[in-house]
Amino acid sequence: MATVSTYLNFDRNTEEAFNYYKSVFETEFSQDGIARFKDIPPQEGMPPIPEEDQNLVMHVALPILGGHILMGTDAPGCMDFKISPGNNVYINLQPDTRQETRRLFKALSEGGTVEQELQEMFWGDYYGSCKDKFGIQWMLNCSEK
């Protein structure tokens, strides 16, 4: 079933923030808990993650209210992230089909900026991100094979 969630980027304190949200909403992390940057398998053309960034949060998901999922990541400088107010929130769409994912991605990126083209990712999904012509940031992640 298609879902929408909010994705938050933090400057090296995602774990602290999400432990706080976990206590506020009295829920538990979804999936496999907290995934770390050290868990990313080596990829061609991608430099290794520096030692000081290895234990940062690559991904965490926390159910909050009404089926909504709050997701987050640390934004290390080694990956050219620079956090500033306004660029640390994405709307994450998880369509049911790749066809719908491509349609939404094309429409949302038209007149905007493609940050990452839709492609197969190491976690097994079809993923891309863009900023629309109004400056709103979107992530699209489809698990259909």
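# Questions about a predicted model

Visitor: What radius of gyration does the protein have, and does that agree or disagree with a compact globule?
Guide: This is a predicted model. With 145 residues, a compact globule would have a radius of gyration near 15 Å. The value for the protein agrees with that: 15 Å.

Visitor: What box do the C-alpha atoms of the protein fill?
Guide: The box is taken along the principal axes. Its sides are roughly 40 × 35 × 30 Å.

Visitor: In what order do the elements of the protein run?
Guide: The protein has two helices and eight strands. Read from the N terminus on, with β for a strand and α for a helix, they run β-α-β-β-β-β-α-β-β-β.

Visitor: In what order do the eight strands stand in the sheet, and which are the edge strands?
Guide: The eight strands form an open sheet with mixed pairing, in the order S2-S3-S4-S1-S5-S8-S7-S6. An edge strand here pairs on one side only. The two that do so are strand S2 (35–36) and S6.

Visitor: How many bridges join S1 to S5, and which residue is the partner of Thr 3?
Guide: S1 and S5 run antiparallel, and six bridges join them. In S5, the bridge partner of Thr 3 is Gln 94.

Visitor: Do S5 and S8 run parallel or antiparallel, and what stands opposite Ile 91?
Guide: Three bridges join S5 to S8, and these strands run parallel. Opposite Ile 91, in S8, stands Trp 138.

Visitor: How many bridges join S6 to S7, and which residues are partners there?
Guide: S6 and S7 run antiparallel, with five bridges between them. Val 114 stands opposite Cys 130 in S7. For Thr 113, the bridge partner in S7 is Lys 131.

Visitor: Which residue in the turn between S6 and S7 has a positive phi?
Guide: S6 and S7 form a hairpin, with five residues between the two strands. In that turn, a positive phi of about 100° belongs to Gly 124.

Visitor: What share of the contacts joins residues 24 or more positions apart?
Guide: The contacts counted are those with a separation of 6 or more. Of these, residues 24 or more positions apart account for 56%.

Visitor: What share of the residues counts as buried?
Guide: Buried means under 20% relative accessible area. Of the 145 residues of the protein, the share that counts as buried is 38%.

Visitor: Why does Thr 101 count as buried, and what is it in contact with?
Guide: Thr 101 is placed in helix H2 (residues 98–109). It counts as buried because its relative accessibility is 0%. Leaving aside neighbours within four places in sequence, Thr 101 is in contact with Pro 95, Leu 118, Tyr 126, Leu 140 and Cys 142.

Visitor: Is Gly 72 buried or exposed, and how far is it from Met 58?
Guide: Gly 72 is in strand S4. With 0% relative accessibility, it counts as buried. Its contacts beyond four places in sequence include Tyr 7, Phe 18 and Met 58. Gly 72 and Met 58 are 14 residues apart in sequence, and from C-alpha to C-alpha the distance is 7.8 Å.

Visitor: Why is Ile 69 called partly exposed?
Guide: Ile 69 is also found in strand S4. Beyond its neighbours within four places in sequence, it is in contact with residues including Ser 5, Ser 30 and Pro 63. Partly exposed covers the range between under 20% and over 50%. Ile 69 is therefore partly exposed, as its relative accessible area is 22%.

Visitor: How far apart are Ile 69 and Gln 119?
Guide: In sequence, Ile 69 and Gln 119 are 50 residues apart. In space, C-alpha to C-alpha, they are apart by 23 Å.

Visitor: What volume does the largest pocket have, and which residues lie nearest its centre?
Guide: The largest pocket has a volume of about 1300 Å³. Its lining is made of 42 residues. Those nearest the centre are Met 58, Met 121, Phe 122, Trp 123 and Tyr 127.

Visitor: Which element gives the largest share of the lining of the largest pocket?
Guide: Several strands give two or more residues to the lining, among them strand S1 (3–10), strand S3 (57–63) and strand S7 (126–131). The largest share is four residues, and it comes from S6.

Visitor: How many residues of that lining are nonpolar, polar and charged?
Guide: The lining of the largest pocket holds residues of three kinds. They divide into 22 nonpolar, 13 polar and seven charged.

Definitions and conventions. Residues numbered from 1 in each chain as written. Predicted model: local features only at pLDDT ≥ 70, side-chain atom pairs only at ≥ 80, totals over all residues. Heavy atoms only, no water. 1 Å grid on protein atoms, 1.4 Å probe; cavity = no way out; pocket = protein on both sides within 12 Å on 5 of 7 lines; lining within 4 Å. Points joined across faces, edges and corners; volume = space filled by probe spheres on them. Nonpolar A, V, L, I, M, F, W, Y, C, P; charged D, E, K, R; others polar. Pairing = 2+ DSSP bridges. Rg over C-alpha atoms; globule rule 2.2 N^0.38 Å. Buried < 20%, exposed > 50% of the residue type's maximum accessible area, 1.4 Å probe, protein only. Contact = heavy atoms within 4.5 Å.
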